[in-house]
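Please take a look at the protein chain below. This report walks through its aromatic pairs, its core and its overall make-up.

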Amino acid sequence: MGFLDACRSTTTNLLESLNDWTLTLDGKDAVTVAYIDFAKAFECQPSETVISGNMLTWIENFLSERTQCTRVNGSLSSSRQLLSGVIQCSCLGLILFVLYINDIVKLFDEQCTCKLYADDLKLYTCTNFSDGASTLQKYLAKFVHWSQIWQLNISHKNALGLYYP
């Protein structure tokens, strides 16, 4: 799993997970799942560069001195300069973000499956009932450490779907 998964759809992601979960439950084991969303993922400032040379120069030129405005019912807001991040919905936005986070899959092995789609991450374990939560917790701790290093905040929700800073 990795960069090539960027070419797959949400439907493929769901069907692969559903297949894994069905086989696990048919075998009388348990599935433990965590859904994760990066907060303001396209606005992050990378701490390291994953691209170099002429490609880096071209991307820097593409992202430099950008402005944006918002259109609501035909009215435009005033222009604001973008100070960091990738332009969401731009031709390169998703590709650059996927390149930025692509190494995340190295955190996981056969005990924990990682499914990526845009700025969403699904982690799950297919184990016996007593080990599922503790196994997933071990991988969640690795993921949190990785997200701190790469300066990607994780969205937090309560049961009502409200976000906390």
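## A buried pair of rings

Tryptophan 21 and tyrosine 124 are both buried. This is a predicted model. The two residues form an aromatic pair with edge-to-face geometry. Their ring centres lie 5.4 Å apart, and the planes meet at 85°. Angles over 60 degrees count as edge-to-face.

Where do the two partners sit in the chain? Tryptophan 21 belongs to helix H1 (residues 10-26), while tyrosine 124 belongs to strand S7. The partners are 103 residues apart in sequence, so their pairing ties together distant stretches.

## A tilted pair

Phenylalanine 108 and tyrosine 139 make another pair, with ring centres 6.0 Å apart. Their planes stand at 40°, so this pair counts as tilted. Phenylalanine 108 sits in the loop between H3 and S6. Tyrosine 139 sits in helix H4. With their positions 31 residues apart in sequence, the pair links distant parts of the chain. Both residues are buried.

## The ring count

How many aromatic pairs does the structure hold? There are 4. Ring pairs also join Phe143, Trp146 and Trp150 into a cluster.

## The largest nonpolar core

The largest nonpolar core has 22 residues. Which of them touch the most other members? They are Ile104, Phe108, Phe143 and Trp146. Several elements each supply at least two residues of this core. They are strand S1 (30-37), helix H3 (93-101), strand S6 (113-117), strand S7 (120-127) and helix H4 (132-149). H4 gives the largest share, 4 residues.

Isoleucine 104 shows how such a core member is surrounded. Leaving out residues up to four places away in sequence, isoleucine 104 touches Phe38, Leu116, Leu121, Phe143 and Trp146. Two of these names return from above: Phe143 and Trp146 belong to the ring cluster.

## The chain as a whole

The protein chain contains 4 helices and 9 strands. Read from the N terminus, its elements follow the order α-β-α-β-β-β-β-α-β-β-α-β-β.

The chain has 165 residues, and 31% of them count as buried. Its accessible surface comes to about 11000 Å². Carbon and sulfur atoms account for 54% of that surface. Now take the contacts between residues at least 6 apart in sequence. Of these, 66% join residues at least 24 apart.

Conventions. Residues are numbered from 1 along each chain as its sequence is written. This is a predicted model: local features need pLDDT of at least 70, side-chain atom pairs count only at pLDDT 80 or more; totals for chains, interfaces and linings use all residues. Side-chain values use heavy atoms; hydrogens and water are left out. A nonpolar core is a set of buried Ala, Val, Leu, Ile, Met, Phe, Trp, Tyr and Cys residues joined through side-chain atoms within 4.5 Å. Buried means under 20% relative accessible area, exposed over 50%, partly exposed in between (1.4 Å probe, protein chains only). Contact means heavy atoms within 4.5 Å. Accessible areas come from the Shrake-Rupley method with a 1.4 Å probe; for residues, only the protein chains shown count as cover. Rings of Phe, Tyr and Trp (its six-membered ring) pair if their centres lie within 6.5 Å; planes under 30 degrees apart count as stacked, over 60 as edge-to-face and the rest as tilted.
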